[in-house]
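Visitor: I am new to this structure, and I would like to understand what lies behind the words used to describe it. Could you take me through them one at a time?

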Amino acid sequence: MVEESLKNKDNPLFIRRLKEDLKDFEGKPIFTRRFPITIKFYLSEAEKELYNEVSRYVIEQYNRALQSDKRRNVAFALMILQRRMASSTYALLKSLKRRKDKLEKILKGEEKQKDLSALAQVGISFEYEEIEDLEESERWRKEEEWESVTVAKDPEELRREIETLNKLIEKAKKIINSEEEVKLGELKKAIEEGFKKIKEMKGNPKILIFTESKDTLEYLVKKIRTQGYRVNYIHGGMSIDERIRAEKIFRDETDVLVATEAAGEGINLQFCHIMINYDIPWNPNRLEQRMGRIHRYGQQKDVYIFNLVAEDTREGKVLAKLFDKLEEIREKLGSDRVFDVIGEVFEGKNLYQLILDAVTNAKSMDEILKELDIEPDEEYVARIKEALGESLATRFIDYTRIKKMAERAKEYRLIPEYVEEFFKKAFAKAGGKFREIKGGFIAIDSVPYEIRKIAESVEFKNRYGVAMKKYPKATFDKDVAFKNPDAEFISFGHPLFEALLEWVVKDFGEEAKRGAIFKDPSGKLNGYIWFYIGEVKDGKGEVAGRKILAIYDDGNSLREINPAILWDLSPCNDTRGSFDEVSDKDKLLPFSIDAVERYKEEIAKERNRQAEIKRKYGLKSLDYLIGKLDADLVELYERQERGEKVDLPIRNKEEQKKRYEEARKSLEKEIELEQSLSISMPELLTVIRVIPERNEMSEDEEIERIGMEIAMEYERLHGREPEDVSKENLGFDIRSKGEDEIRYIEVKTRAKEGDVALTPNEWFKAKRFKKQYWLYVVANAATNPTLNIINNPAENLEPQEKVEVVRFVVPVGEWKDKKQEMWIK
């Protein structure tokens with residue numbers, strides 16, 4: 001069914017694609033390469049002795065008391081301390097100390113003794129999956145509660161256990177004080193190697209270190225600082241505001257970030273290329289989540305991941321075998337995609353359970369390693385590729401349609417240049433300080449108090465996040481930010497931008513509603529432009545679409561124009577343009593309603609297409625699943641009649657069928673509601689008076705018509721299909737499609753020869769489209785027309801910005817000298 005939908009080019013589903021497979025429209029990989037490096041080491045004699053004694057202590061203490069569900073509870077007990085020990089000697093020491101303190105309080109009668117059943121009664125789970133799903137800080141709290149559980153039956157047993165703990169604590173202290181921990185030494189070498197690789201690839205000097213334990217994190221921060229590195233950290237005990245601040249500090253100030261799993265949630269660290277796993281999570285999915293913090297969209301360099309594994313521990317042997325086998329399979333597959341889908345690569349294997357079996361001696365090490373010893377032959381590799389949907393996803397994707405949608409979105413979207421110009425003017429007005437710096441970036445040195453005040457409210461931070469007091473390197477261009485992950489991307493949704501918007505609305509909103517007077521340097525407009533917000537909702541009450549409408553009234557007729565026309569007008573304090581003759585709003589209302597209705601029809605067309613796809617494939621899929629369950633149930637009912645005990649599978653399948661039937665009804669209702677569209681009454685934002693201002697560069701309509709005809713003819717002669725879009729105010733006059741290109745063409749026509757002027761809208765689009773943008777200057781249009789062609793004018797011309805007429809003027813000598821081609825009709 002998925003294959004059918006793709007063949008029909010309906011593409012109703014997201015096809016699972018691995019990062020390594022994704023490419024842009026030019027065929028370039030979106031994601032960089034990833035190189036996992038396993039650093040295997042052996043514990044020192046003292047460390048190995050401690051490891052063995054702690055394991056023996058845990059098994060002896062808890063095996064005695066666990067009468068029922070024995071293996072699970074012992075496994076859980078071992079999991080906590082064994083993972084502490086696998087993380088660091090310091091984390092183990094902290095756990096042992098907490099445990100000893102608790103037992104001493106119980107011995108003194110200061111605290112009541114808890115056993116495993118008591119913990120179960122107060123809701124402390126021994127299910128690994130449940131514990132893993134908790135928030136990190138909550139998981140730590142529950143694990144600390146567990147550390148206090150004892151199975152001692154009397155004070156004498158408590159004393160003996162405390163004595164054992166004291167011996168273990170002394171051994172751990174001795175190892176830490178010796179300053180000779182093997183793993184710390186390996187970490188130091190890994191950091192040095194990481195910075196060496198960064199230097200080779202000319203990357204950003206940042207290293208991310210992951211650990212599961214907050215105790216280990218605190219220990220590492222201190223140790224790494226003594227090596228001369230600037231260090232900060234992120235852990236689950238920090239608020240989201242504190243984590244975001246820490247992310248920015250790492251990006252802008254420090255060399256190393258030490259993080260727990262909390263850094264894998266909502267934090268973007270793709271400006272970093274090196275990651276070190278100081279300890280390895282026993283849940284393989286967490287390993288991929290860690291890698292995903294830096295190996296993600298926006299990463300510009302290859303990524304290196306160092307995994308530290310103690311090969312002479314029980315869990316270390318399993319992890320070392322796991323990494324070795326993944327590397328072998330990676331070589332056979334030809335890419336590192338195996339790390340994205342470890343579960344599928346080891347299909348049918350519970351990796352966590354294998355580690356647990358090793359830790360608890362439930363199976364021999366040979367048995368466990370044998371389970372991981374998969375032979376990646378051709379049949380196995382083919383099966384993995386098929387399971388990943390590789391062949392399906394590469395056959396029928398309608399790239400042409402997707403590319404067309406992307407191109408049209410690029411033409412109509414609010415380009416970064418608009419956002420940047422607005423921000424700079426408003427920010428300066430608010431008293432903010434910024435500097436233009438190399439590479440087209442800005443450095444924001446000071447955020448005004450009024451803006452900071454807005455951004456500090458709890459409601460604001462919950463919605464947009466934390467605004468910083470300064471930004472050393474910022475851009476408004478998503479593409480630039482993508483290539484420079486160390487730069488702050490500022491746009492809609494960014495806390496600083498949203499706070500600035502709120503300030504503008506608060507301080508100038510009412511004044512804007514009263515309207516304003518503008519001059520039109522082109523001399524074409526003479527009337528009023530009314531701005532409305534049009535909104536369309538669906539049957540669920542959700543907004544299906546919202547847009548700003550601009551309606552131009554010249555006194556004789558009404559027409560809808562592009563709101564971006566505002567960029568091409570200049571503010572005017574001239575009293576000639578009064579609002580005394582402003583149009584009757586009653587005649588505008590029906591026109592604005594019609595405009596929103598047309599907008600609704602556009603949305604309805606796409607909604608109907610999507611609804612048909614959902615009916616065709618969504619409902620059809622559910623019908624298939626329900627039918628399959630019916631067939632299974634018929635077989636089970638027959639087996640039940642023969643006396644077989646199949647009550648549980650029958651109940652499970654009946655419940656599953658019921659869920660599918662409910663999902664089908666829900667989907668049908670959802671489709672119906674999504675197609676039910678209605679408009680809201682258009683909301684009037686403001687109105688402006690526009691008065692014409694003639695100058696030497698004002699356009700003559702007849703001369704312009706000649707220029708457009710010549711440009712269109714030239715395009716057709718060269719095998720392209722030109723479309724006149726000059727009335728849409730898109731920042732170009734012609735969209736011309738060739739076999740493998742699209743030209744965005746701005747046509748400037750002169751009766752003789754002279755300077756040409758580009759509007760801000762045109763200049764911004766020229767900067768945005770670069771080599772796709774063309775300036776066609778038609779000179780001597782009234783007598784002997786010649787077409788002068790300049791590609792990429794934003795980079796090839798040096799116009800003079802004339803603020804008083806809001807135009808970028810290209811002198812006649814400039815465009816004549818820089819033309820790349822000339823055509824005489």
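Guide: Let us begin with the chemical classes, in which Ala, Val, Leu, Ile, Met, Phe, Trp, Tyr, Cys and Pro count as nonpolar, Asp, Glu, Lys and Arg as charged, and the others, Gly among them, as polar. With those classes, the lining of the largest cavity divides into 14 nonpolar, five polar and seven charged residues. You should know that the model is predicted, with local features needing pLDDT of at least 70 and side-chain atom pairs pLDDT 80 or more, while totals for chains, interfaces and linings use all residues. Residues are numbered from 1 along each chain as its sequence is written, and side-chain values use heavy atoms, with hydrogens and water left out.

Visitor: What makes a space a cavity, and how many cavities of 30 Å³ or more are there by this rule?

Guide: On a 1 Å grid over the protein atoms alone, a cavity is a set of points where a 1.4 Å probe fits but cannot get out, and lining residues have an atom within 4 Å of a point. Grid points are joined across faces, edges and corners, and a volume is the space filled by probe spheres set on the points. By this rule there are five cavities of 30 Å³ or more, and the largest has a volume of about 350 Å³. Its lining has 26 residues, of which Met-85, Ala-86, Ser-87, Lys-183 and Ala-310 are the closest to its centre.

Visitor: Which helix gives the most to the lining of the largest cavity?

Guide: Helices (H or I, at least four residues) and strands (E, at least two) are DSSP runs, numbered from the N terminus. H3 gives the most, with four residues, and among the other elements that each supply at least two are helix H2 (45-63) and strand E6 (303-310).

Visitor: Ala-86 is found in helix H3; is Ala-86 buried, exposed or partly exposed, and how do you know?

Guide: Buried means under 20% relative accessible area, exposed over 50%, and partly exposed in between, with a 1.4 Å probe and protein chains only. The relative accessible area of Ala-86 is 26%, so Ala-86 is partly exposed. The C-alpha atoms of Ala-86 and Tyr-51 are separated by 9.0 Å, although these residues are 35 apart along the chain.

Visitor: Why is Leu-758 called buried?

Guide: Leu-758, which has its place in strand E21 (residues 756-758), counts as buried because its relative accessibility is 0%. Its C-alpha atom and that of Asp-568, 190 residues away along the chain, are separated by 9.3 Å.

Visitor: What makes Lys-202 exposed?

Guide: Lys-202 is found in the loop between helix H9 (182-200) and strand E2 (207-210), and its relative accessibility is 73%, so Lys-202 counts as exposed. Phi of Lys-202 is near 55°, a positive value in a residue other than glycine. Most residues other than glycine have a negative phi.

Visitor: Why are H4 and H10 called oblique to each other?

Guide: Axes are lines fitted to C-alpha atoms, for helices over the stretch in contact, and angles run from 0 to 180 degrees between N-to-C directions. Angles under 35 degrees count as roughly parallel, over 145 as roughly antiparallel, 65 to 115 as roughly perpendicular and the rest as oblique. The axes of H4 and helix H10 (residues 214-226) come within 8 Å and cross at roughly 130°, and H4 and H10 are therefore oblique to each other.

Key. On a 1 Å grid over the protein atoms alone, a cavity is a set of points where a 1.4 Å probe fits but cannot get out, and a pocket is an open set with protein on both sides within 12 Å along at least five of seven lines; lining residues have an atom within 4 Å of a point.
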